[in-house]
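Take a moment to look over the whole fold before turning to its parts. The paragraphs that follow begin with a sheet and then move outward to a few single residues.

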Amino acid sequence: MLRVGLTGGIGAGKSAVAKRLVAQGAVLIDSDVLAREVVAVGTPGLAAIVEAFGAGILTAGGELDRPALGAKVFGDDEARHRLEKIIHPRVRDRAVELTRAAAPDAIVVNDVPLLVETGQAPSYHLVLVVDAERDLRIRRLEETRGMTADQAAARIAAQADDGQRRAAADVLLANNGTLDELHAQVDVLVRDRLRPFEEHLRLGTAARVGPELRIVDPDPTWPEQAARLIARIRYATGDGAAVAHIGSTAVPGLPAKDIIDLMLAVRTLDEADALAERLGRAGFPRQPGSGGTTRAACPARPGRSGCTAPPTPAGRSTCTFA
């Protein structure tokens, strides 16, 4: 089972991407839907909100009055954090239940508007971010949600900035064109990355490393790629895991082979063996290596040789653990 985290700023087109992924066979878990479900009438979530904010946030019928609640938390960071502590854990627990119910070969897409803000990126095999130009997002919010330009700008400013989301993205979909153009990007993504990634993950295998290694110009995103991988490894093995970005791509400004090398330090070979299963579930299947090392497929850039999906001409990515 492949778990994909889907996010994007308000007005970027995340919902359109989610619908297309479902049309391509993905299982969608929508956090907005779950957020409503966990505070429905009679739920412990609604009771907790009433206790925190008072009965004034209920309608005459006993349902959550969202505009009234929004008025209490918008612009008040303390109140917003109090609300998030009630809703977010319940949404995550429900998402786990739905994920476990999916088929073993499913591509499970978690639509999480605040994925970056809540630090959930390392829990997914791959993070997909939908991006669009700010002015275009404002115009969409004016046209589709009846917001004023100032209201739309305020909603955008309340979320993570574009740089934070891009840093968390394994895949960045630019949605500045037509719906057909967006659908075409999603279709290619499913065919060339998500389906092969799911298969390799389920079988515990990795795509073969081809012979086309070459030296490339320095890529300023190498540190971000390494950081995403390290975060996933630490999530899978424990926050205290000693993982470091090593090799040529760890040297700023140095031309290198387009490979992300990471070193996971362990005290004994038995400890390394004990981590193998957890790393495999996280998308790093174990492979025999030379010199006492283990090469593991890297989920940061699946779709390139050395990763969990078939190679493309774009380069390669692998992780080596010593």
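Two strands are said to pair if DSSP finds at least two bridges between them, and strands of a sheet pair through backbone hydrogen bonds, either parallel or antiparallel. With that in mind, look at Asp30 in this predicted model, whose bridge partner in strand S3 is Asp111. Strand S2 and strand S3, which covers residues 107–111, run parallel and are joined by four bridges.

This pairing belongs to an open sheet of five strands, which are arranged in the order S2-S3-S1-S4-S5 with parallel pairing. At the edges of the sheet lie S2 (27–30) and S5, each of which pairs on one side only. From one strand to the next, the twist averages 25 degrees. Helix H1, made of residues 14–23, packs on this sheet and touches S1 (2–8), S2, S3, S4 (126–131) and S5, while its direction makes about 155 degrees with that of S1.

Strand S4 deserves a slower look. On one side, S4 pairs with S1 in the parallel sense over five bridges, and within this pairing Thr7 has Val129 of S4 as its bridge partner. S4 is also joined to S5 by four bridges, the two strands again running parallel, and here Val129 has Leu172 of S5 as its bridge partner. How many of the six residues of S4 are buried? Six of the six are, so that the strand is mostly covered, where buried means under 20% relative accessible area. Both faces of S4 are covered, with Leu126, Leu128 and Val130 buried on one side and Val127, Val129 and Asp131 buried on the other.

Beyond the end of S4's partner pairing lies another residue to follow, Asp170, which is placed in the loop between helix H8 (162–168) and strand S5 (171–174). Is Asp170 buried or exposed? Asp170 is buried, because its relative accessible area is 8%, and the cut-off for a buried residue is under 20%. Its side chain makes a polar contact with the side chain of Arg228 at 2.9 Å, and the side chain of Asp170 also makes a polar contact with the side chain of Arg232, at 2.3 Å.

A loop residue of another kind is Leu58, found between helix H3 (44–53) and helix H4 (66–73). Leu58 counts as partly exposed because its relative accessible area is 26%, a value that falls between the limits of 20% and 50%. Leaving aside its neighbours within four places in sequence, Leu58 is in contact with Leu46, Val50, Glu63, Leu64 and Asp65. Leu58 and Leu46 are twelve residues apart in sequence, and their C-alpha atoms lie 9.3 Å apart in space.

Further along the chain comes helix H11 (residues 269–281), whose 13 residues reach 19 Å from the first C-alpha to the last, close to the 18 Å expected at 1.5 Å a residue. H11 nevertheless has a kink of about 35 degrees, centred on Leu275, and Leu275 is buried in this helix together with Ala276 and Leu279. Just after H11, Gly283 takes a positive phi of about 105 degrees.

Finally, step back to the whole chain, which holds eleven helices and twelve strands. Of its 322 residues, 44% are buried, and among the contacts with a separation of 6 or more, 68% are accounted for by residues 24 or more positions apart.

Notes. Residues are numbered from 1 along each chain as its sequence is written. This is a predicted model: local features need pLDDT of at least 70, side-chain atom pairs count only at pLDDT 80 or more; totals for chains, interfaces and linings use all residues. Side-chain values use heavy atoms; hydrogens and water are left out. Buried means under 20% relative accessible area, exposed over 50%, partly exposed in between (1.4 Å probe, protein chains only). A polar contact is a pair of N or O atoms within 3.5 Å; within protein, one must be able to donate a hydrogen and the other to accept it, and residues adjacent in sequence count only if both atoms are side-chain atoms. The expected span of a helix is 1.5 Å times one less than its number of residues. The bend at a residue is the angle between axes fitted to the seven residues ending there and the seven starting there. Axes are lines fitted to C-alpha atoms, for helices over the stretch in contact, and angles run from 0 to 180 degrees between N-to-C directions. Contact means heavy atoms within 4.5 Å.
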